[in-house]
Amino acid sequence: MGTDSDYEWEKEVEEFQKTRAGVKGLIDSGITKVPRFFVSSTSQRFSNVAQTKDEQIQVQIPVIDFRGIEKGGGARRIEIVEEIRKASETWGFFQMVNHGVPMSAMEDILESTRRFHEQPKEAKMDLYSSDGRQNVRFYTINGHLTKSDVASWRDAFACTFLDGVMDPDVIPPICREEITEYMKHMINLRDILSELLSEALGLSQDFLEKMQLMKSEYLTCLYYPSSPEPDKTFGTVKHSDPTTLTVLVQDNCGGLQIHHRGNWVDVPPIPGALIANIGDLLQLITNDKFKSVEHRVVARSSGTRVSAACFFYPSGEKMVKAYGPIEELVSEENPAIYRQVTYLDFVTHYQKKNVRGGRSSALPNFKILSLDQ
């Protein structure tokens, strides 16, 4: 039998979920204190705080100009591949400019994200679901929340494109055209990044393409309302992405931070830029050559942040295929660090060991233990 505090916590979560109105619904109701299941521990809020401005002068997220990326682009393409290699090995994140996705498509996806979330709750509550098996859904809590977990102070609208396909008619009309158009550009950029990452690993251009590691997409349109207690919450709690690669577009509000060498570093908005970050699965198959790093979004006392994250993961056929470190990246001097695992098992384990409780990656669970351990 649970204690009274357990019961009150569960009741608070249940009542929130029953509203089907999300975090914005809480703000619209005029709350002055955040529910306790959104409150992060003191250690999470104040350990590894963001660097000072003086420190950040020497620490900048890599910005890579994709101009000259065309196949056969000669010296400039070689330079870009090298910049991606360094960023993927050291940072796990990089910003991209002149990447070929029109500014209009990026502006439209952000504006349609805002439109969706700022509808009256009656217009979107039928889509509210914590069940990740739903191909189109609106949610705040993703999956099952336990008392050791912390919920993120944001709402999300998500669409799943298994094998790159979704019936556009199931997307709400308020954002259907913008999402459909944006995803065309994401798939084009995916193909370019797949080649560049393959080359950055010293492999053939089509290596990752043949592995079908990025043939499905999960688009999440995120809405971060202001918080009445921003010092107690995170817009998104710290985590790494279990997928292969993520491409993010953000508005000009800022708030995204990555964990780099023991510090939280801001990822400043750059007009027209997209952000790429390495996912856990890509770290696994590259045998730790490329790094998937923790990131988070800080809460704000005023204004609303919007962003759209496109997560790339394996095709439906390959989700049940065992992936392990790429043979060409393993040697006697550089033995395999991870055992083989299917993507389905990998992401299921990630969800069970949920990041909301401060466990940010499933990777350690799939490491091969040495004979000395």
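Q: What percentage of the 373 residues of the protein count as buried?
A: This is a predicted model. A residue counts as buried when its relative accessible area is under 20%. Of the 373 residues of the protein, the share that meets this is 52%.

Q: Which helix gives the most residues to the largest nonpolar core?
A: In soluble globular proteins, nonpolar side chains tend to be buried together. Here the largest nonpolar core has 104 residues, and F66, I179, Y182, M186, L219 and L274 touch the most other members. With 9 residues, the helix that gives the most to this core is helix 7 (residues 176–200).

Q: Which residues is I179 in contact with, leaving aside its neighbours within four places in sequence?
A: I179 is among the core residues that touch the most other members. Contact means heavy atoms within 4.5 Å. With the sequence neighbours left aside, the contacts of I179 are I109, F157, C159, F161, I171, L219 and C221.

Q: Which strands are the edge strands of the open sheet of 8 strands?
A: The protein has 10 helices and 14 strands. In the open sheet, 8 strands follow the order 1-2-10-7-12-5-4-3, with mixed pairing. An edge strand pairs on one side only, and this holds for strand 1 (63–65) and strand 3 (136–139).

Q: Which helix packs on the sheet and touches strand 1, strand 2 and strand 10?
A: Strand 1 and strand 2 (residues 93–97) pair in the parallel sense over 3 bridges, and I64 stands opposite M96 in strand 2. The helix that touches strand 1, strand 2 and strand 10 (274–278) has a direction at about 160 degrees to that of strand 1. That helix is helix 5 (residues 75–90).

Note on methods: Residues are numbered from 1 along each chain as its sequence is written. This is a predicted model: local features need pLDDT of at least 70, side-chain atom pairs count only at pLDDT 80 or more; totals for chains, interfaces and linings use all residues. Side-chain values use heavy atoms; hydrogens and water are left out. A nonpolar core is a set of buried Ala, Val, Leu, Ile, Met, Phe, Trp, Tyr and Cys residues joined through side-chain atoms within 4.5 Å. Buried means under 20% relative accessible area, exposed over 50%, partly exposed in between (1.4 Å probe, protein chains only). Helices (H or I, at least four residues) and strands (E, at least two) are DSSP runs, numbered from the N terminus. Two strands pair if DSSP finds at least two bridges between them. Axes are lines fitted to C-alpha atoms, for helices over the stretch in contact, and angles run from 0 to 180 degrees between N-to-C directions.
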